[in-house]
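Reader: I am new to this structure and would like a close look at a single part of it. Please pick one residue, start from what surrounds it, and work outward from there.

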Amino acid sequence: METQLDPMKDDLPLMANTNHMLVKHYVLDLDVDFKSQVIEGFVVLFLETGSRYRGVSSTGEEGCQSQFDETCKIRASEQGHVPVSNASVCSSKTEYNDFAVCGKGEKDTSDKNGNHSNEEQASGISSSKNCCDIENHGNEDFLLVLDCCDLSVLKVEEVDVAAVSGTEKFTRSAKLTDVSKELANLRNQIVHELVTLPSDRWKEQLYYYTCCSQAPGCGELLFTTGTWSLEIRKSGIQTPTDFPHALRIWYKTKPEGRSVTWTTDQSGRPCVYTMGSPINNRALFPCQEPPIALSTWQASVRTAASFVVLMSGENSAEPVQLQEGIKSWYYYVTMPMPASTFTIAVGCWQEVKQSFTPAVQTNNEFSLPCSQADFRGHEESCGHVEYPCRFQNPAARLQRVIPYRVFAPWCLMKCCEEHLLQLIPQCLSAAYATLGTHPFSRLDVLIVPSNFSSLGMASPHIIFLSQSVLPGGSHLCGTRLCHEIAHAWFGLAIGARDWTEEWISEGFATFLEDVFWARAQQLSHDEEKAQQELKALLRWRRLRDEVQNSEEELQVLRSGLTVESIFTNWLDTSGIPKVLFLIENSIDCTTAASSIAQKLKLHSYCCKMLNWLPEMKGILLLSIALKMSLASFLQSTLKSQIRKPLLEEGETWKESRLVQQVSGEVTKWIRTNQRIRKSGKKKRRQDEVIFQKLLPDQLVLLLEYLLEEKTLCPRTLQCLEKTYKLHDQDAEVRHRWCELVVKHKYVPGYGDVEKFLREDQAMGVYLYGELMVNEDAKQQELAYKCFAAAREQMDMSSAKVVAEMLF
């Protein structure tokens, strides 16, 4: 009996037996139907025998049997968590539609449960545990296990790649007898030669992938679907080496599938997009989810002509008219990536275009550090797996701003044109000046629907941004954009070996977010240092609050790993003062970033622990510790020698110029509030108080300080809102304003709270709890009203959390 898991709380099982076989390439051929809210078609998998079994066949199984016990243990331990955000990229304008072949799905032959009618299906193949047990006996069929959930699998068949004209050149010998086994070996040999073609033949490789994906089937395979897996076998095949290496899986998604969200955009038009969490892409197509399973992919997607298909792809796809009212979009990726990074968004998106070409900054603020510029002239070979590498392309190495496009619902186009469109070249140029060559050849930025559960998500060649980053000027939009751009290097180009290491990429992205944004603003060294100290204090305050209010079990990493042990493993005790020294910006960030770029070139695109950059470990760990979304990683009982200097550092940040300025303004507001309280309802003439203009992060800190005050009078709140025009500020500022409104039951501000809960769903969950905890009838009524209006469109995990607060 399968274990029932709650994806909102439990780690999801990684069922794919990647030690046995690895998917090297996916070809997806899909139709998107908005009426039925279903994506259907097929995916073709091109596989290689896992490293443990290469060179082993049915005629030489001795080395294979000795590894079955160990493999089963590994399979049992392959339980990892799915990143929250995440949580989930050749020439810049190259398109490859020449080799796109569009095919339609076959007739649905599924039963009511979505499984292909197969008389041998009830064969006892029901779980991955059975897979190991069968293999240990050594006389049963081999099982290929894929990660799969919420899919109706209709048919699985072997693909006759030998029937494709031209594939004979991939075989070492064309001499065949009529023995079916030799034909099967020939097919596997063709696939092996195809997936191992050198990178300079990538166009030819894509062409044959497409042709092979359209080849006829040569026999259906037995399969069983479980809650979290799809298990496939071929009768009589007992080893991965002899298992078919090219499979076609016909399937349908389900409307309730948790990998995609069917909703409407801000203009009320239907759309669908991948979520990245809580179950990655296993409800979009059967795949291998462990991040160590790197693959390439290509996809043809058909939908109504009024829709635009955006996807992780190296080419800026142009739609092809297939028939009246139907268009096809084709994308491909030649960089091996985890399947969880695959992203798709289909909607009535409008491309936001500018009426002029912005001048790219060429002053010293955007020039490359000498050490990095010198390094880029070297012709060192890269240390990653072979693929068409941009680091070896002289034109790419000089490309300061990669080609980019912006898409949004019609109603947000003007806002995107005014703010976002101008920020992208600045942020890309700042990233280039810091790290050098962009890992990806182009970038699409999409403003996703309001139910998107975070402020942003980076995928290969495409970034999702929440609408919450758009209002209130450029600060929040710019910092979030810089964060997601940083993930191109850390999280995508370099990733974790497993999900327990996913926090590393967030740490680097957080650190580089500040570096990129300072460069984009062209700040002086003193201005950059002041802003970073202010931000460090804000993150430290959030960390402190989260640790104080988090359950103990949320403050421990998987397998009992705590922040204490991280510090012990990564830094000895004598290294702690050095960490604090580094975070005080005594180290030149440009020099450190240059070192990152040098190491990146050698180790790019490998899933490996980031143990190659000792000079950045301290900064990495503290930027992790000071990031709000990762505060649950901290344990409340840190070693005293760690806790004490961090607390002292928090006091040091309070002495920063920008923080001191905020403290002065807070004093003015407290005095103003006291005078108003003493005057009561009498309109006594007050000496006019002059309040200074504050930066967005300063406003956030100001409101956080005022939240610590026991009482603020309605007239004080009214004056506060009017002075800073709080309802027009960015979402971070407005969130604190809403907290003040709720705490002090400021009825005139309830409209701002309602608007925030409706339009800023990625940040509004906490406010529902605040509305309920005060046990005020009006506030609880407001919470019920807002949730009722948003519930059907709200992100599933967010809706569940809010429902638990309200009911």
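Author: Leucine 420 is the starting point. Leaving aside residues up to four places away in sequence, leucine 420 touches Val406, Cys415, Val445, Ile447, Leu465, Leu470, Cys477 and Leu481. The model is a predicted one, and these contacts are read from it.

Leucine 420 also belongs to the largest nonpolar core, which has 165 residues. Within that core, the residues with the most contacts are Tyr26, Ile232, Phe285, Leu420, Leu702 and Leu720. Helix 8 supplies the largest share of the core, 10 residues. In soluble globular proteins, nonpolar side chains tend to be buried together. Another core lies apart from this one; it has 26 residues, among them Trp202, Tyr208, Tyr330 and Tyr332.

Helix 8 covers residues 413-435, and it lies across strand 16, strand 17, strand 18 and strand 20. Its direction makes about 155° with that of strand 17, which spans residues 404-408. Val406, a contact of leucine 420, falls within strand 17. Val445 and Ile447, two further contacts, fall within strand 18, residues 443-447. Leu465, also touched by leucine 420, is in strand 20, residues 462-465.

These strands are part of an open sheet of five, in the order 16-17-18-20-19, with mixed pairing. At its edges are strand 16 (350-352) and strand 19 (456-459), each of which pairs on one side only. On average, neighbouring strands of the sheet are turned by 25° against each other, direction ignored. Strand 18 and strand 20 pair in the parallel sense, over four bridges. Leucine 446 of the chain has phenylalanine 464, in strand 20, as its bridge partner. A second helix packs on this sheet: helix 9, residues 475-486, touches strand 19 and strand 20, and its direction makes about 145° with that of strand 20. Cys477 and Leu481, both contacts of leucine 420, lie within helix 9.

For setting, the protein chain has 24 helices and 20 strands. Of its 807 residues, 59% count as buried. The chain exposes about 33500 Å², and carbon and sulfur atoms supply 50% of that area.

Elsewhere in the chain, strand 4 (residues 151-159) makes a useful second example, with nine of its nine residues buried. Strand 4 pairs with strand 8 in the antiparallel sense over seven bridges, and valine 156 has isoleucine 249 in strand 8 as its bridge partner. Strand 4 also pairs with strand 5 (residues 217-220), again antiparallel, over two bridges. There, glutamate 157 has glutamate 220 as its bridge partner.

Arginine 187, in helix 4 (residues 180-195), touches Glu158, Val159, Asp160, Val161, Ala162 and Cys218, not counting residues up to four places away in sequence. Arginine 187 counts as buried because its relative accessible area is 9%, under the 20% cut-off.

Confidence varies along the chain. The mean pLDDT is 76, and 67% of the residues reach 70 or more. Strand 8 (residues 246-253) has the highest mean, 98, while helix 2 (residues 68-77) has the lowest, 33. Over residues 56-137 the pLDDT is below 50, although this stretch has 181 contacts in the model beyond near neighbours in sequence. Residues 624-645 also stay under 50, with 56 contacts beyond four places in sequence.

Methods:
Residues are numbered from 1 along each chain as its sequence is written. This is a predicted model: local features need pLDDT of at least 70, side-chain atom pairs count only at pLDDT 80 or more; totals for chains, interfaces and linings use all residues. Side-chain values use heavy atoms; hydrogens and water are left out. Buried means under 20% relative accessible area, exposed over 50%, partly exposed in between (1.4 Å probe, protein chains only). Accessible areas come from the Shrake-Rupley method with a 1.4 Å probe; for residues, only the protein chains shown count as cover. Two strands pair if DSSP finds at least two bridges between them. Axes are lines fitted to C-alpha atoms, for helices over the stretch in contact, and angles run from 0 to 180 degrees between N-to-C directions. Contact means heavy atoms within 4.5 Å. pLDDT is the predictor's confidence in each residue, from 0 to 100. A nonpolar core is a set of buried Ala, Val, Leu, Ile, Met, Phe, Trp, Tyr and Cys residues joined through side-chain atoms within 4.5 Å.
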